[in-house]
Structures are given as C-alpha cells and as structure tokens.
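The exercises below are meant to be worked through with the sequence and the 3D structure side by side. Each task is followed by a solution that proceeds step by step.

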Amino acid sequence: MTHDVKEIFAGEAPPAPAALAAKVRTLAPSMTRSMQRVAEAVAGDPAGCAALTVTGLAELTGTSEATVVRTARLLGYPGYRDLRLALAGLAAQQQSGRAPAVTADIAVDDPIADVVAKLAYDEQQTLADTAAGLDTVQLGAAVTALAAARRVDIYGVGASGLVGQDLAQKLLRIGLIAHAHSDPHLAVTNAVQLRAKDVAIAITHSGSTGDVIEPLRVAFERGATTVAVTGRPDGPVTQYADHILTTSTARESELRPAAMSSRTSQLLVVDCLFVGVAQRTYETAAPALSASYEALAHRHSPRGGPRR
C-alpha cells in the first residue's frame, strides 16, 4: 500500500479558515520550493492574497498559475477560488483579534520570563495546529483497532521513543498489553510475532526514520493494523500505515529544535488515543485504572508506606 499527499487528503472537506495556517505549517516542508513560496504568502498575508487573482498571486510569488492551483489543491481546496474564500475568512478572524500575533524566536540573551512566555505561546500554537489538522475519522479508526487489540507494539527513537513509552504505560494501566520499543533490533523481532488483531504504532516526526519504518513494515506485512503518528503525511512511513495521524510543530529556532515542538504535538495525539480507548473499554479500563492507583498508593504516602 502506498500513499501520496493527494491520496491522503482526497475526499476531505476543505480545511476551515482557522486550520489553513496549521495545514501550511504541516505540509510546507514536503512541498517544492515554488509551492512553498505560494503557501508562505497565503499564510503570511491572507488578506492581501485574498484580493489577488490566480495570476496576481503567481506574479507575487514568482511562480506560475499552475503552481498556485496545485498548492491550493494540496492544501485541501478544490481550486483557487475556494482557497481565496478561506483566506478572506482567515483575514477576518485576524482583524477581529482572535488570531494572536506571532512571537519572535528565543534569543540567547532573552530574560527567563520572556523564554517562558515565548515557549508557552509556541506550545499553545503547536497544540492548536495539531488539533485543527487531526483527522478524527482516522483517529477513531485507530482507537477502534486499539480497543480490540490482542497486543500493541509502539516504535519510536529519540524524543519520539519517549512519547511511545508514555503511550505504552498509559495503555498498560487500563489493561492492554502494550510495549514500546526504541531498540530497532528488538522492534523488528517483536514485529515478526504480530498478526491480525494486533496493532503497531510508529511515531516519527520526519516520517523517514528507518529504525521506525522497518518494524512497521514487518508488522504491516504480518497483517497487524498499523498506525503512523507523523508530521509528514507524505513520508515513507505512511506506505505501511493503515491509519495516519498528522502532527504539527511550532516554528523551529536554534534554541527550540524540532524534537521539542514535535514532542508536544505527539503527546496530544497519544493522549487522544488513550482517552478514546479508555472510553471504548470503560467497563474494563476503569477497574484496571483503579487497581493500578491502589497498588501504587502506598508509594505516595508521606512515609513511603509501611516498613517491613
């Protein structure tokens, strides 16, 4: 099974104006340079671009009319006319004061109070962008598969591996058999054991991490339901994903690398998966969660529990 960007967004309703900027940020890295210029122009000045014809926007960005139309379609709109309508809506939101101004990057000499404020803003924007761009149909399908899974394997390395561990421990506490693998050899050897009714989840912001793609491919070929949590919906990992959950990232800077912003959006997605599964399996999840709290309660007492 293969996917490309056109296939991924085929059949989707055009994004709402509030989601347009989020989709631009998510897809821009996978666009050609000329398409990036169009996308950056419409996200940076929606009011100005909404007033332009397709020819005018092509001239403004130094591209062609065909490139403008392709960019509009890649962003989820049937044509340029629909994109202009969304730009007008986004401009109206910004003028009403509902869209915050973009803050500056963190500087080496920023006071700590400014660092806190800038990081908080970027984190909020990342979460809002991820929520706006998350395909709830795909999310629901992934939740359904997890709720019925015999076993769940989760693959991720680096910061994505930490997110995978977070999801695994959450699922374990509601009674699911879940394991997170950051060692690529162990990931593949475990993936070989998967079959139908099992679920494999790959977490990779770039969508091209070989140590994550390989076990997901093996799981896919063994018949497991596969899920990709990625910031690149056209990345190689999606070739082996039955369900794709797209994350967003904040603007990167020297002091805020991709691993920080991607982690924030990934945590939101895995929390959505966990809560969805807990809802679907509430009759068994609630007692399991209570039992885990009770088993750990003595470790949180002031004296650390009874001595033996």
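**Exercise 1. Find what covers the buried residues of helix 12, and check the length of this helix.**

Begin with the cover: the buried residues of helix 12 lie under elements that include strand 1 (152-155), helix 11 (184-191), strand 3 (199-204) and strand 4, where contact means heavy atoms within 4.5 Å. Helices (H or I, at least four residues) and strands (E, at least two) are DSSP runs, numbered from the N terminus. This is a predicted model, in which local features need pLDDT of at least 70 and side-chain atom pairs count only at pLDDT 80 or more, while totals for chains, interfaces and linings use all residues. Residues are numbered from 1 along each chain as its sequence is written, and side-chain values use heavy atoms, with hydrogens and water left out.

Next, list the residues concerned: V212, I213, P215, L216, V218 and A219 are buried in helix 12, buried meaning under 20% relative accessible area with a 1.4 Å probe, protein chains only. For the length, the 12 residues of helix 12 (residues 210-221) reach 16 Å from the first C-alpha to the last, close to the 16 Å expected at 1.5 Å a residue; the expected span is 1.5 Å times one less than the number of residues. Finally, look just past the helix, where G223 takes a positive phi of about 100 degrees.

**Exercise 2. Describe how helix 11 and helix 12 pack against each other.**

Two packed helices are described by the angle between their axes and the distance between the axes. Here the axes of helix 11 and helix 12 come within 8 Å and cross at roughly 10 degrees; axes are lines fitted to C-alpha atoms, for helices over the stretch in contact, and angles run from 0 to 180 degrees between N-to-C directions. Helix 11 is therefore roughly parallel to helix 12, a description used for angles under 35 degrees. The contact joins P184, A187, V188 and A191 of helix 11 to D211, E214, P215, V218 and A219 of helix 12.

**Exercise 3. In what order do the strands of the sheet lie, and which strands are at its edges?**

The five strands form an open sheet in the order 2-1-3-4-5, with parallel pairing; two strands pair if DSSP finds at least two bridges between them. Strand 2 (178-181) and strand 5 are the edge strands, each pairing on one side only, and the twist from one strand to the next averages 15 degrees.

At one edge, strand 1 and strand 2 are joined in the parallel sense over four bridges, and V152 stands opposite A178 in strand 2. Helix 11 packs on the sheet, touching strand 1 and strand 2, and its direction makes about 150 degrees with that of strand 1.

At the other edge, strand 4 (residues 225-230) and strand 5 pair in the parallel sense over four bridges, with T230 opposite T246 in strand 5.

**Exercise 4. Which residues of strand 5 point one way, and which the other?**

In a regular strand the side chains alternate between the two faces of the sheet. In strand 5 (residues 243-246), H243 and L245 point one way and I244 and T246 the other way, and all of them are buried.

How values were computed. Buried < 20%, exposed > 50% of the residue type's maximum accessible area, 1.4 Å probe, protein only. Parallel < 35°, antiparallel > 145°, perpendicular 65-115°, else oblique.
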